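Colleague: I should like to go through this model with you, one question at a time. Please explain the reasoning behind each reply.

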Amino acid sequence: MNDNLKKNGDGYYDPTAYKAIKAAEEETVKFQKLLDTIFNICELSGFHIEGRITIKSKNTGRIWR
């Protein structure tokens, strides 16, 4: 699958697009781990999150809701 991401729609090698896609995926994975950690801490502490959590990435400025 990663080989398919390294090529553009015309089948040519495109390292710039590949790096951008991988960076976006890595940030998504980091966010999911953070969210899981927050929920686990709340569960272990006897709390429950009632509302929406909004988090902003310091690196990219992306806002997660």
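**The pocket, the salt bridge and some contacts**

Modeller: In this predicted model, the lining residues of the largest pocket divide into 5 nonpolar, 3 polar and 4 charged.

Colleague: Which residues line the largest pocket, and what is its volume?

Modeller: The lining consists of Ala23, Glu26, Glu27, Lys30, Phe31, Leu34, Ile55, Ser57, Lys58, Asn59, Thr60 and Trp64. The pocket that they line has a volume of about 240 Å³.

Colleague: Which element gives the largest share of the lining of the largest pocket?

Modeller: The lining includes Glu27, and Glu27 belongs to helix H2. In total, 6 residues of the lining come from one element, and this largest share belongs to H2.

Colleague: How many salt bridges does the model have, and which side chains meet in a salt bridge?

Modeller: The count comes to 1 salt bridge. Its N to O distance is 3.6 Å, and the cut-off for a salt bridge is 4 Å. The side chains that meet are those of Glu25 and Lys22.

Colleague: Why are Glu25 and Lys22 separated by about one helical turn?

Modeller: Both residues lie in helix H2, which covers residues 15–45. The separation is about one helical turn because Glu25 and Lys22 are 3 residues apart in that helix.

Colleague: Are Glu25 and Lys22 buried, exposed or partly exposed?

Modeller: Buried means under 20% relative accessible area and exposed means over 50%. Glu25 has 34% relative accessibility, so Glu25 counts as partly exposed. Lys22 has 23%, and therefore Lys22 also counts as partly exposed.

Colleague: Which side chain of opposite charge is nearest to Glu27, and how far away is it?

Modeller: Glu27 is buried yet has no salt bridge. A salt bridge would need a distance within 4 Å. The nearest side chain of opposite charge is Arg62, at 4.1 Å.

Colleague: Which residues does Glu27 touch, not counting residues up to four places away in sequence?

Modeller: One of them is Arg62, the nearest side chain of opposite charge to Glu27. With residues up to four places away in sequence not counted, the residues touched by Glu27 are Ser57, Thr60, Arg62 and Trp64.

Colleague: Where is Ile53 found, and how far apart in space are Ile38 and Ile53?

Modeller: Ile38 lies in helix H2, whereas Ile53 is found in the loop between H2 and strand E1 (55–56). The two residues are 15 residues apart in sequence. From C-alpha to C-alpha, Ile38 and Ile53 are 10 Å apart.

Colleague: Which residues do Ile38 and Ile53 touch, leaving aside those up to four places away in sequence?

Modeller: With those neighbours left aside, Ile38 touches Ile49, Ile53 and Ile55. On the same basis, Ile53 is in contact with Leu35, Ile38, Trp64 and Arg65.

Colleague: Are Ile38 and Ile53 buried, exposed or partly exposed?

Modeller: The limit for buried is under 20% relative accessible area, and that for exposed is over 50%. Ile38 stands at 24%, so Ile38 counts as partly exposed. At 22% relative accessibility, Ile53 likewise counts as partly exposed.

Colleague: What is the distance in space between Ile21 and Leu5?

Modeller: Ile21 is found in helix H2, and Ile21 and Leu5 are 16 residues apart in sequence. In space, C-alpha to C-alpha, their distance is 8.0 Å.

Colleague: How far apart in space are Gly46 and Lys22?

Modeller: Gly46 lies in the loop between H2 and E1 and is exposed, with a relative accessible area of 65%. Gly46 and Lys22 are 24 residues apart in sequence. From C-alpha to C-alpha, the distance between Gly46 and Lys22 is 36 Å.

How values were computed
Residues are numbered from 1 along each chain as its sequence is written. This is a predicted model: local features need pLDDT of at least 70, side-chain atom pairs count only at pLDDT 80 or more; totals for chains, interfaces and linings use all residues. Side-chain values use heavy atoms; hydrogens and water are left out. Helices (H or I, at least four residues) and strands (E, at least two) are DSSP runs, numbered from the N terminus. Buried means under 20% relative accessible area, exposed over 50%, partly exposed in between (1.4 Å probe, protein chains only). On a 1 Å grid over the protein atoms alone, a cavity is a set of points where a 1.4 Å probe fits but cannot get out, and a pocket is an open set with protein on both sides within 12 Å along at least five of seven lines; lining residues have an atom within 4 Å of a point. Grid points are joined across faces, edges and corners, and a volume is the space filled by probe spheres set on the points. Ala, Val, Leu, Ile, Met, Phe, Trp, Tyr, Cys and Pro count as nonpolar, Asp, Glu, Lys and Arg as charged, and the others, Gly among them, as polar. Lys and Arg count as positive and Asp and Glu as negative; His and the chain ends are not counted. Contact means heavy atoms within 4.5 Å.
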